[in-house]
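Walk through this model with me, one element at a time. Keep the backbone view open.

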Amino acid sequence: MWEGIAQGLGTALDPANLLWVAAGCCAGTLIGMLPGLGPITAIALMIPVSYTLDPAAGLIMMAGVYYGAVFGGSTSSILINAPGVASTVATSFDGYPMARAGEAGRALAIAAYASFAGGTIGALALLLFAGALASWATAFQSPEYTLILVLALSSIAAFAERGRVARSCVAALLGLMLGTVGTDQSAGVQRFTFGRLDLMDGISFILLAMAVFALAEAFHMLTTRERGGDYRPAASVRLRKGDARAITPTVGRNSALGFLVGILPGAGATLASFFAYDFEKRFNRNPACGIAAPEAANNAACTGSFVPLLTLGIPGSGTTAVLLGVMLSLGIQPGPRLLETDPAVFWGVIVSMYIGNLVLLALNLPLIPYISRLIQISRPVLIPFVAAFSLVGVYLTTSNVFDLYLMLGFGVAALILRSWGFPLAPLLLGFILSGMLEENLRRTFYLVDGSFSMLLHRPATLVLAIACAAIWMAPAIRWWRNRPRGEPRS
Amino acid sequence: MKLPGSRRGTASICLALCACLFPIAAAAERLHIVIPAAAGGGLDGTARAAGRALTAMELAGTVSFENIAGAGGGRGLSVFVENTARFREALIVNSTPLILRRLQNLYPLSFRDLTPIVGLVADYGIFVVRNEEPADSWLSVVTRLRENPRAVIMGGGSARGSLDHIVAALALDAAGVDARRVRYLPYDGGGKAMLALLGDEIELLSTGLGETLPFIRAGQVRVLAITAPERVKAIEDVPTLTELGCPVRFANWRGLFASPAVDEDVRVSHIQRFRTLTASDTWSGTLEQYGWEPLNLFGEDFTRYLEQQESLLRETMAKLGFTR
């Protein structure tokens, strides 16, 4: 293995490859920063470039594009509440309010440091444990996935403001329902498509995220006239004293969590970022940690998703599926034999991830003062900017005009829901988890074939079931412990 | 007045040259391929590999690609057929689901709305088990299923009633199993289905040879049977279904089609171009790299092949209750 790492170091430090990792990271992070554009778009745009390179350089560059886009993705989440990819939704929960309070620079800096740490810790874990962790990816099957998804859904309580738990649950249910539009994954039946080809694939995530976050925010700015709604000027562009110390443990534990969840094929990075936010918010109200946790987790998860991709040849997400296609066309056959057939590529890519993360940090930090100034743009300029960018972003990914009308409709609906006090994050969470939850639940029912004793023979399932129960029981237990005991003595 | 005259002369010569060169340039230099799927999938890979081989052999100057994803390929198809002016000389790549989805009434269009050019590659259906189960053979699985159709849990990378399920049903039906009662678990893509097989959630996987080859070569999985008419080179020790007494032959083809409004000479030149390509060493190298088997059916031969496959699928689906 050490021999392999040395070989990988040789590949990664080759001047041409250094150039390509830097180029990939630059392209990825810049595309990722734009609202509505995420890793998939970034990779799709760079595919033609990769064909001109030799296999190692091509894969190193494309990997750079991928984690570069995840790195940059937090920018639009924090600045204009327009997450370009599901895994940065959680970053906007604490990041956007912080940016509106005049601390855009600080929020971006925290996100950049946390992303860097998450990416680097992930790359280190990948280097040391890639081979050993391949079996972790197959340990989780439909029953476990079902419960993990239920666990993720249970965490909506963490996003709910005080006294709004019922509204959060309703919003999550709406999200789950929107997720059923399109072709049913199990039986191939059309649901709620009204015979339209445009709805056959369901509603795209990017469309809904842009509509309920960015567009609804823009509409909200239009409908509220009070001056207080304006952004305060970005006062600080640096970390505050104590931020570094506060986020260090957060970043550490959430990188580990993110990496482990990221290995699981499925929505690794998204689930990881939601779990991280939920987990962190349970005992830590510091908004700096609320940004650091999902950012560390999603970058670590992105690195973790290379475990099943490289060692099993199985893509865990849409983005890694595109990467797999790129690898095949470069003549790299990922899978258990990659280590024997192409050790230089295998280790070279992993080692290049450290270099890539350094490049990303060096690239992102100096840009922060300039980018955070975007938020000072006056409202009459900013609103059309946000609306136009989110519409263009959606059109770029689907190139379908119908989607634009759909998006405007959802934007208006979201504004109405918002004015009635429904939080929109649970809606998006429900939507993201809906398809996967249904698919795994149906398979589980089919597998157990009417008898639930099978679930008890799977230890992981049992543990997850207990964790879900604990989350739902927690408020009742808290109430029981704080109940008024007897007559107050006086 | 000499100068302007000579200028005019030069200009007219240039114009004449351009006029002569332009149609040739348009026909031989640029080729546009529409891919009715997102970047990175199987169709995308086939189109781009073919495009690169064409450029490498200088059968086309530049090949451009356009991914129109959506509606399981339906959107790309309808855009291609409706914009005849724009796509008059372009090609669209497609595969077996073109026929399948028409039969299921998911598409309004069929291959009859296109001009078949070439059936390029075939991906045969295979039935796979984990390698740790050395006792399993196709016949032992079939015997167990004949006694109890619910004895084996089978999986595939697509919904019930789509390709992987139908191929399995076709084979099991021919082997005398009540295919309608066999348990089939659908997964979101072949990769996740393979993961379920490796993780022991399913016992038998119905999938395509191309995407499974790396797992076979790595010794993680073993193939019980293949739907090819004869044994294929990549896995020579695997018997065909025909050898095993189930006369079922089925290939998931991938091929290219021209616009319904294509001119006859353009159609002929497209076919000629792919005849040259498929006979070349460059293309054999590509096939080997991706683990594809050549199909090599051109023009009318390809149309006849599609018609046969359509009637086979129609019968099977009606018999097994997959048509809606």
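How many bridges join strand 4 of chain B to strand 9 of chain B? Eight, and the two strands run antiparallel. Before going on, note that this is a predicted model: local features need pLDDT of at least 70, side-chain atom pairs count only at pLDDT 80 or more, and totals for chains, interfaces and linings use all residues. Residues are numbered from 1 along each chain as its sequence is written, while chains are lettered from A and ligands numbered from 1 in the order in which they are written.

Stay with strand 4 of chain B, residues 115–130. Helices (H or I, at least four residues) and strands (E, at least two) are DSSP runs, numbered from the N terminus. Two strands pair if DSSP finds at least two bridges between them. In strand 9 (residues 251–258), B:F257 is the bridge partner of B:P116. Strand 10 (residues 293–298) of chain B pairs with strand 4 over four bridges, again antiparallel. There, B:A122 has B:E293 as its partner. Strand 7 (residues 204–208) of chain B adds four antiparallel bridges to strand 4, with B:I126 opposite B:T207. Strand 8 (residues 221–226) of chain B pairs with strand 4 in the antiparallel sense over five bridges. In that pairing B:F127 meets B:A225.

Is strand 4 of chain B mostly covered or uncovered? Mostly covered: 15 of its 16 residues are buried. Buried means that 20 or more other C-beta atoms lie within 10 Å of the residue's own; exposed means 12 or fewer, and partly exposed is in between, with C-beta atoms placed from the backbone.

Next, the core. A nonpolar core is a set of buried Ala, Val, Leu, Ile, Met, Phe, Trp, Tyr and Cys residues joined through C-beta atoms within 7 Å. The largest one here has 259 residues, and A:I43, A:M210, A:V212 and A:L428 touch the most other members. Helix 5 (residues 89–129) of chain A gives the most to this core, with 21 residues. The core also draws at least three residues from each of domain 1 (7–122 + 252–320) and domain 2 (127–235) of chain B; the domain bounds come from an automatic or database assignment. Leaving aside neighbours within four places in sequence, the contacts of A:I43 (C-beta atoms within 7 Å) are A:M62, A:V65, A:Y66, A:T319, A:V322 and A:L323.

Now helix 1 of chain A, residues 2–13. Its end C-alpha atoms are 16 Å apart, which agrees with the expected 16 Å, taken as 1.5 Å times one less than the number of residues. The buried residues of this helix are A:G8, A:T11 and A:A12. They fall within an arc of 90° seen down the axis, so they line one face; the arc uses directions from the helix axis to the C-beta atoms. Their cover includes helix 2 (15–33), helix 4 and helix 17 (343–372) of chain A. On the other side, A:W2, A:E3 and A:A6 are exposed.

Finally, two loop residues. A:N81 has a positive phi of about 60° although it is not a glycine. A:N81 sits between helix 4 (55–80) and helix 5 of chain A, and counts as buried because it has 27 C-beta neighbours inside 10 Å. A:F194, also not a glycine, has a positive phi of about 50°. With 8 such neighbours inside 10 Å, A:F194 counts as exposed.

Definitions and conventions. Two residues are in contact if their C-beta atoms, placed from the backbone, lie within 7 Å.
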